[in-house]
Amino acid sequence: MRTQVGIIGAGPAGLMLARLLQLQGIDSIIIENRSRDYIENRIRAGLIEDWAADMLTEIGLGARLNREGLVHHGIKLGINGSLHHIDFKTLVDKRVTIYGQQEVVKDMVAQRLESGAPLLFEVSDASVHDIAGRPKIRFTHDGQAKEIDCDFIGGCDGFHGICRPSIPDGVLSVFEREYPFGWLGILAAAPPPDEELIYSYHDRGFALFTMRSATLARSYLQCAHDEDIANWSDARIWDELNRRMGGMRPLAEGEILQKSVTPMRSFVVEPMQYGRLFLTGDAAHIVPPTGAKGMNLAFADVLVLSRAMTAFYRSGDDALLEAYSATCLRRIWKAQRFSWWMTQMMHLFPDDNPFDRRRRLAELDYVTSSEAAAKSLAENYVGLPMDGR
Ligand code: FAD
Ligand code: DHB
């Protein structure tokens, strides 16, 4: 098989890269090790930044997003039971859209398959070769060994993929921080407690009340990083959510449709390129979910990469490709800073001392009483501007 760009991974990064390239007349083949059903039902992030919602609409992915997505002009911060509004409309005049990552993935998969462009599911044993020269991707599909000969490889295979480990030792620097807690997330058949998201700081630990629709609540509880989900009966989850809501809003209970624990880490590799292999999204970086940046950063990376590849194919100029890593890392580090800041402000740390707790409460007081501080939160939360958009 021969293509211009071989893409490993059909998550938000891989599917979006393929679409942006397709719009510029650049061919790609996507290979994915999971089934279509699996990736379309994998529940993860849910919040789309201002510029990213505009981009999705412009590239033909807006129909369902604009019908079913929930547009929010603010969030609420809870501080031990008192509720404070951060109004994005007056602070920065931008919005965010709540629309599940798996819905974006469904829309992108449908669009790709309708266009007739190749997207292969359930491949196994993917490996990359000659990445500093003439790249090849080898894999097994339908029991047969296959090879893709390509100009570039999009390493869009997430944190546990094969692309990052295929880069020779010594090339990448790793910057990493683990957090001493995780999030227990649930999806419940219940109306969400507020029309906006509530990020609740509480002496028992953080809780986030978000949603997928008027009848589907999504909630998260700070828990131990190695929490055993078996210890969390539905009754215990509702009890803890109620306590951490602290009476700010009544909490409607309903059937818990899904529950899982996500560990939290901050992680970046530099550079995000080796030879003709370009790492994108979670393959190159992870943020703790408190700032809702994961999927949005994946979109930002592939927008930069698609522009660079377009410039290369149009004029042979590889300056933007050479600058790919540096261009992306400027945004990534700002998203890392914001996600870390939100995380440290909203969570309890096991080694907190009384000073840390007082300082955190002062920070929350500042953010909810100073327009300048709230504006900084809002500016980052809705997504920093994307150059050229
Ligand atoms: P992924 O979505 O991971 O896509 C990578 C794709 O590559 C996958 O489809 C995978 O199956 C495929 N793949 C992997 N290895 C191979 C291989 N060897 N061969 C072929 N294909 C391969 N972010 C938030 O902002 N808020 C959240 O609440 C949130 N919750 C999350 C919960 C979980 C459990 C996880 C893992 C992430 C969460 N994130 C969250 C982060 C967000 O979902 C990611 O940042 C986003 O999915 C990144 O997209 P991606 O395309 O880079 O990677
Ligand atoms: C969601 C997840 C987040 O981590 C966040 O900060 C906001 C929203 C969500 O799943 O809806």
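This report walks through the fold of one protein chain, from its overall build down to a few individual residues.

**The chain as a whole**

What you have in front of you is a predicted model. Its secondary structure comes to 12 helices and 20 strands. The radius of gyration is 21 Å, close to the 21 Å that the globule rule gives for 389 residues, so the chain is as compact as a globular protein of that length. Picture its C-alpha atoms filling a box of roughly 60 × 40 × 40 Å along the principal axes.

Of the 389 residues, 55% count as buried. Contacts reach across the sequence too: among those with a separation of 6 or more, 72% are between residues 24 or more positions apart. The accessible surface comes to about 16100 Å², and carbon and sulfur atoms own 49% of that. As for charge, there are 43 positive and 51 negative side chains, with the centres of the two sets lying 2 Å apart.

**An open sheet of six strands**

Strands of a sheet pair through backbone hydrogen bonds, either parallel or antiparallel. One sheet here is open and has six strands in the order E8-E2-E1-E12-E19-E18, with mixed pairing. Strand E8 (119-120) and strand E18 (273-274) stand at the edges with a single partner strand each, so one side of each has no neighbour in the sheet. E18 runs antiparallel to strand E19 (residues 277-279), and two bridges join them. Across that pairing, Tyr274 stands opposite Leu277.

Just past E19 comes Thr280, in the loop leading to strand E20 (285-286). Is Thr280 buried or exposed? Its relative accessibility is 1%, so Thr280 counts as buried. Leaving aside residues up to four places away in sequence, Thr280 touches Ala13, Gly155, Cys156, Asp301, Val302, Leu305 and Tyr324.

**Strand E5 and its partners**

Now for strand E5 (residues 74-79). Six of its six residues are buried, so E5 is largely enclosed by the rest of the structure. Both of its faces are covered: Gly74, Lys76 and Gly78 are buried on one side, and Ile75, Leu77 and Ile79 on the other.

Which strands does E5 pair with? The table lists two of them, along with the residue that stands opposite Ile79 in each.

| Partner of E5 | Sense | Bridges | Opposite Ile79 |
|---|---|---|---|
| E6 (residues 82-87) | antiparallel | six | Ser82 |
| E14 (residues 198-201) | parallel | four | Tyr201 |

E5 and E6 also form a hairpin, with two residues between the strands. Asn80 sits in that turn and has a positive phi of about 45 degrees.

**A few backbone oddities**

Most residues other than glycine have a negative phi, and most peptide bonds are trans. Some spots in this chain go the other way.

The peptide bond from Glu270 to Pro271 is cis, with omega near -10 degrees. Pro271 is in the loop between strand E17 (255-270) and E18, and E18 is one of the edge strands of the open sheet.

Asp130 is not a glycine, yet its phi is positive, near 50 degrees. Look for Asp130 in the loop between strand E9 (124-129) and strand E10 (136-141). With 46% relative accessibility, Asp130 counts as partly exposed.

Ala292 is another non-glycine residue with a positive phi, of about 60 degrees. Ala292 has its place in the loop between E20 and helix H9 (294-315).

Conventions
Residues numbered from 1 in each chain as written. Chains lettered and ligands numbered in written order. Predicted model: local features only at pLDDT ≥ 70, side-chain atom pairs only at ≥ 80, totals over all residues. Heavy atoms only, no water. Pairing = 2+ DSSP bridges. Rg over C-alpha atoms; globule rule 2.2 N^0.38 Å. Buried < 20%, exposed > 50% of the residue type's maximum accessible area, 1.4 Å probe, protein only. Contact = heavy atoms within 4.5 Å. Areas by Shrake-Rupley, 256 points an atom, 1.4 Å probe, with all protein chains shown as cover. Lys, Arg positive; Asp, Glu negative; His and termini not counted. Charge placed at Lys NZ, Arg CZ, Asp CG, Glu CD.
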